[in-house]
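Here are some notes to read alongside the structure, written for someone opening it for the first time. Take the points in order and keep the viewer open.

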Amino acid sequence: MSFDKLKYSSEKNTVIKKFLVPQRIVACNDTDKENMLLCDTPRQSAPRAENCTTVRRGGYVLLDFGCEFQGGIDLTVQVSIPRSRIRIVFGESVSEALSSIGVKNATNNHSVRDMIVETCSMSSMRYGNTGFRFVKIEPIDNDILIRSVKGVFEYKDLEYKGSFECSDALLNTIWNTAAYTVHLNMQDYIWDGIKRDRLVWIGDMHPEVSTITSVFGYDASVEKSLDYIRDETPLNRDFAHDDDACWMNTLPSYTLWWIKIHRDWYYQNGNKEYLNQQKDYMYAAAKLILPRIHDDGSLDFPSYFVDWSSKDTPAEEPGFRGCLVLALRAAAEIFAVYDDAGMSKKCLDKIGCVAKALPDFSTNKQMAAIVSLAGLADSKAVSDGVIKKDLLQGLSTFYGYYVLHALAKSGDTQTAIDVMRGFWGAMLRFGATTFWEDFDIRWIENAAPIDDIVPEGKADIHGDYGKFCYTQLRHSLCHGWASGPAPFMTKHILGVGIAEPGCRKLVITPHMGDLEWVRGTYPTPYGTVTIEHRKENGKIVSKIDVPDEITVEVNNG
């Protein structure tokens, strides 16, 4: 049979596969020559077994690959007589790799990370498809001799066209970690997490898409995800008896974010043809949304969920109102592109209605930030009165992105820089190589880092904490929505603002805070923009190189 007779999927394969050598033996028991596993040994059984690692029945070896990645392991077994079972446990933390299903909420949700498999002599087999940094290998039936364990790293081969570097090494690491976190989640679709939440959650994608535009510029996985959720949520039916089916991922706020992402994606890439492909759905969505906003300011939506941190609290509705305003503004711009001034005006008029009734939002920093960004409250009052109180407390890795923007909007980029250092920097100090689904600064008190065995008397930062649906070891330690610092630094510190669709005009407005210098690049459809700012004699001096098709305005204050 020839290749042309095979039935191929329409999905394109853009994945690169590389093999990683373990960097450290975290722990082992009842083993011999375990350090051989740290050598770049061929993935091939050998005629002789002298250079193999022995792991005896009842023993184990726990390997650290040095960085979280998406994929599995390639295990080459030299001797396993007779045919034997082994247990393989993948973990985003040492604690998770040493876990058992059901203990501290360890799960196999969305990817199997704890498995019992058969192996045999002279075999080289691939196991696992998950997100992990650590792996534990444990013989069940008999001793085994292992020739090689390699990590199988699967990722999209993408050029990091955007970059950021400044006089603070910690901020540089935060930017790079945020970019890498999203890169791992850029599979065929945009996932939330590579261990758990391997799903298109459109309401979670806005920070991820913002990171993608800052780092890669364009990637087809964004449009594929936007179109997937559109097609999975058709609006050409009678929804009278199934209101949840109207909304993307069953949540009204997620449909709102779909609109906002399309506006931002258009401004980045300038692809009017692609935006026109959304026209029918955009009108149907507006027809669904606008009648639910009443002239007296009351709303008629089945759910006001925005973020887990505000779920079922008094701050939930004001946060939803903020998202609603951001989506209405985005829709107004999109309908203007469609040359429909009447529909654009209807969207803008509804903003005034939303603003008439605004419940108290002061109990939640995330919702306060959205209210501020929507222009429903004074940005400085929100920043000083809500966000800056106990600065690093009450933040989420997801909507913390909007907290950073709200601080910048109030004129206080320096405090946003301090938040990134203190909040996202704390994850790095406790072993993170990707940013987490959630984080509370109080977790670090008397806690062990994720790359250590938790000693007695210390808190397990992965296994003891978490909330909502992501408690304990179910918690994802690589979540794309946590990548907000990267686009924030690009926009507010490097100062990149898009003034016309397709990046045809950029407005560069750096806010350097206590930094002495900053430089970086920004990807556009016409090529890469190179930017450098330095403080000289109390002033910011800029050097900017842009493609000929782009005009640039510089505001150095």
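1. Let's start at an opening. The second largest pocket has a lining of 21 residues, and those nearest its centre are Ser309, Asn364, Gln366, Gly394 and Leu395. Its volume comes to about 290 Å³. The lining is a mix: six nonpolar residues, nine polar and six charged. Bear in mind throughout that this is a predicted model.

2. Now for the largest pocket, which holds about 950 Å³ of space. Its lining runs to 32 residues, with Lys260, Arg263, Asp264, His405 and Lys491 nearest the centre. Two or more lining residues come from each of α3 (205–215), α5, α8, α12 (400–409), α14 (485–493) and β13 (496–500). Helix α5 supplies the largest share, six residues. By type, the lining of the largest pocket splits into 13 nonpolar, 12 polar and seven charged residues.

3. Since α5 has come up, take a look at Ser253, which belongs to that helix (residues 252–269). Is Ser253 buried or exposed? Its relative accessible area is 1%, and anything under 20% counts as buried, so Ser253 is buried. The Ser253 side chain comes to 2.7 Å from the backbone oxygen of Phe305. Setting aside sequence neighbours within four places, Ser253 has contacts with Phe305, Val306 and Phe320.

4. Next, the nonpolar interior. Nonpolar side chains tend to be buried together in soluble globular proteins. Here the largest nonpolar core has 129 residues, and Leu324 and Met420 have the most contacts inside it. Helix α8 (residues 316–337) gives this core its largest share, 13 residues. Apart from this core lies another one, of 29 residues, including Phe69, Val117, Ile146 and Cys478.

5. Met420 deserves a click of its own. Which residues does Met420 contact, once neighbours within four places in sequence are left aside? They are Leu171, Ile174, Leu404, Gly425, Pro485, Phe488, Met489 and Ile493.

6. On to the enclosed spaces. The structure has three cavities of 30 Å³ or more, and the largest cavity has a volume of about 70 Å³. Residues lining the largest cavity include Leu256, Ile259, Met282, Leu324, Phe335 and Cys347. Helices α5, α7 (279–289) and α8 each give two or more residues to this lining. The biggest contribution is from α8, with five residues. How many of the lining residues are nonpolar, polar and charged? The split is 12 nonpolar, no polar and no charged.

7. Finally, pick out Cys347, one of the residues lining the largest cavity. Cys347 sits in helix α9 (residues 341–354). Its relative accessibility is 1%, under the 20% cut-off, so Cys347 counts as buried. Beyond residues up to four places away in sequence, Cys347 touches Leu290, Leu328, Ala331, Ala332 and Phe335. Of these, Leu290, Leu328, Ala331 and Phe335 also appear in the lining of the largest cavity. Cys347 and Arg329 are 18 residues apart in sequence, and their C-alpha atoms are 7.0 Å apart in space.

Notes
Residues are numbered from 1 along each chain as its sequence is written. This is a predicted model: local features need pLDDT of at least 70, side-chain atom pairs count only at pLDDT 80 or more; totals for chains, interfaces and linings use all residues. Side-chain values use heavy atoms; hydrogens and water are left out. Helices (H or I, at least four residues) and strands (E, at least two) are DSSP runs, numbered from the N terminus. Buried means under 20% relative accessible area, exposed over 50%, partly exposed in between (1.4 Å probe, protein chains only). A polar contact is a pair of N or O atoms within 3.5 Å; within protein, one must be able to donate a hydrogen and the other to accept it, and residues adjacent in sequence count only if both atoms are side-chain atoms. Contact means heavy atoms within 4.5 Å. A nonpolar core is a set of buried Ala, Val, Leu, Ile, Met, Phe, Trp, Tyr and Cys residues joined through side-chain atoms within 4.5 Å. On a 1 Å grid over the protein atoms alone, a cavity is a set of points where a 1.4 Å probe fits but cannot get out, and a pocket is an open set with protein on both sides within 12 Å along at least five of seven lines; lining residues have an atom within 4 Å of a point. Grid points are joined across faces, edges and corners, and a volume is the space filled by probe spheres set on the points. Ala, Val, Leu, Ile, Met, Phe, Trp, Tyr, Cys and Pro count as nonpolar, Asp, Glu, Lys and Arg as charged, and the others, Gly among them, as polar.
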